Amino acid sequence: AAAIVQKETNAVVITHTSLGTLIKEQIDFFVSKNINMRKVIISHVALSNDLDAIRYALDKGANVAFDTIGKVKYLPEETRISFIKTLVNEGYTKQLLMSMDITRKSHLKKNGGVGYAYVLDVFIPLLLKNGVKEEDIKEFREKIYPYWKGKSLEDAIKGTYGIEINEISKVVKINQKDHAQGHICPDSKLWLELGDRKSTRL
């Protein structure tokens, strides 16, 4: 379904990988559907701890998100830094994204977590300290982020349906702003079997 929508709207597709698994399989699927790989973002890639799998996605034209920054229980920050530095040096800077995966109240700084500012206040300085160049950080801030702004599926839907979407969003979540992105998925097989009229059973 995501491949069909992407081809029709040219919207960005962001996928979820559980602990970085199935990166290659997702890439191969999208390539087989002949969608615009420049509009594909594979998330949680660092947790695979597999630089070759990440390179595979990049070489196929996709973008990858280092979006669990600060979650050192899953992966040491040194590994993320090493991966990003290596990929930047290999020329993949424009295909890399960085963010966090704050999904619980305990992740907030006021509750003892790293907080939302961690990437800018801690992680970026660590990248610079470990040899990533200031010009590459500038690329992230001034070119990569502005490029992606306004290109999400939510933005594409709003652009197509305008104010109508405000009514639809009262009963359907267009974007999970109160939950972790990509972490809540319907039982798609059951959903398709039951159809819209019985969807309240899910």
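The following legends describe close-up views of a predicted model of the protein.

**Figure 1. Overall arrangement of the secondary structure elements in the predicted model.**
The protein contains 9 helices and 4 strands. Read from the N terminus, these elements follow the order α-β-α-β-α-β-α-β-α-α-α-α-α. The protein has 202 residues, and 38% of them count as buried. When contacts between residues at least 6 apart in sequence are considered, 62% of them join residues at least 24 apart.

**Figure 2. The largest nonpolar core and the surroundings of leucine 127.**
The largest nonpolar core comprises 46 residues. Within this core, the residues with the most contacts are Ile54, Phe66, Leu96, Met98 and Leu127. Two or more core residues come from each of the helices α2 (23–32), α3 (51–59), α4 (77–89), α5 (118–129) and α6 (134–148), and from each of the strands β2 (40–42), β3 (63–66) and β4 (96–98). With its neighbours within four places in sequence left aside, leucine 127 is in contact with Ile81, Ile84, Met98, Val132 and Ile137. Of these partners, Met98 is itself among the core residues with the most contacts.

**Figure 3. Alanine 65 in strand β3.**
Alanine 65 belongs to strand β3. Its relative accessibility is 8%, and the residue therefore counts as buried, the limit being under 20%. Not counting residues up to four places away in sequence, alanine 65 touches Ile41, Ile42, Ser43, His44, Val45 and Leu97. For one of these partners, isoleucine 42, the separation from alanine 65 is 23 residues in sequence. The C-alpha atoms of alanine 65 and isoleucine 42 are 6.1 Å apart in space.

**Figure 4. Glutamine 95 in the loop between α4 and β4.**
Glutamine 95 is located in the loop that lies between α4 and β4. Glutamine 95 has a relative accessible area of 16% and is therefore classed as buried, since buried means under 20%. The glutamine 95 side chain reaches the backbone oxygen of leucine 58 at a distance of 2.9 Å. Leucine 58 also appears among the residues in contact with glutamine 95 when neighbours within four places in sequence are left aside; the others are Gly61, Ala62, Asn63 and Val64.

**Figure 5. Arginine 38 and its polar contact with asparagine 63.**
Arginine 38 occupies a position in the loop between α2 and β2. With a relative accessible area of 30%, arginine 38 is partly exposed. The side chains of arginine 38 and asparagine 63 are joined by a polar contact of 2.6 Å. Leaving aside neighbours within four places in sequence, the residues in contact with arginine 38 are Gly61, Asn63, Lys94, Tyr147 and Trp148. Gly61 and Asn63 are also in contact with glutamine 95. The C-alpha atoms of arginine 38 and leucine 58 lie 9.6 Å apart in space, with 20 residues separating the two in sequence.

**Figure 6. Leucine 22 and asparagine 34, two loop residues with positive phi.**
Leucine 22 is situated in the loop between β1 (13–15) and α2. Although leucine 22 is not a glycine, its phi is positive, at about 60 degrees. Leucine 22 has 52% relative accessibility and thus counts as exposed, for which the limit is over 50%. Asparagine 34 is in the loop between α2 and β2. Asparagine 34 likewise is not a glycine and has a positive phi of about 60 degrees. The relative accessible area of asparagine 34 is 61%, and this residue is exposed.

**Figure 7. Alanine 11 in the loop between α1 and β1.**
Alanine 11 is placed in the loop between α1 (2–9) and β1. This residue is buried, with a relative accessible area of 4%. Alanine 11 and lysine 39 are separated by 28 residues in sequence, and the distance between their C-alpha atoms is 6.8 Å.

**Figure 8. The second largest pocket and its lining.**
The volume of the second largest pocket is about 520 Å³. Its lining consists of 23 residues. Nearest to the centre of the pocket lie Lys71, Tyr74, Asp101, Thr103 and His107. Classified by type, the lining has 9 nonpolar, 10 polar and 4 charged residues.

Technical notes
Residues numbered from 1 in each chain as written. Predicted model: local features only at pLDDT ≥ 70, side-chain atom pairs only at ≥ 80, totals over all residues. Heavy atoms only, no water. 1 Å grid on protein atoms, 1.4 Å probe; cavity = no way out; pocket = protein on both sides within 12 Å on 5 of 7 lines; lining within 4 Å. Points joined across faces, edges and corners; volume = space filled by probe spheres on them. Nonpolar A, V, L, I, M, F, W, Y, C, P; charged D, E, K, R; others polar. Core = buried A, V, L, I, M, F, W, Y, C linked by side-chain atoms within 4.5 Å. Buried < 20%, exposed > 50% of the residue type's maximum accessible area, 1.4 Å probe, protein only. Contact = heavy atoms within 4.5 Å. Polar contact = N/O pair within 3.5 Å; in protein donor to acceptor, adjacent residues only side chain to side chain.
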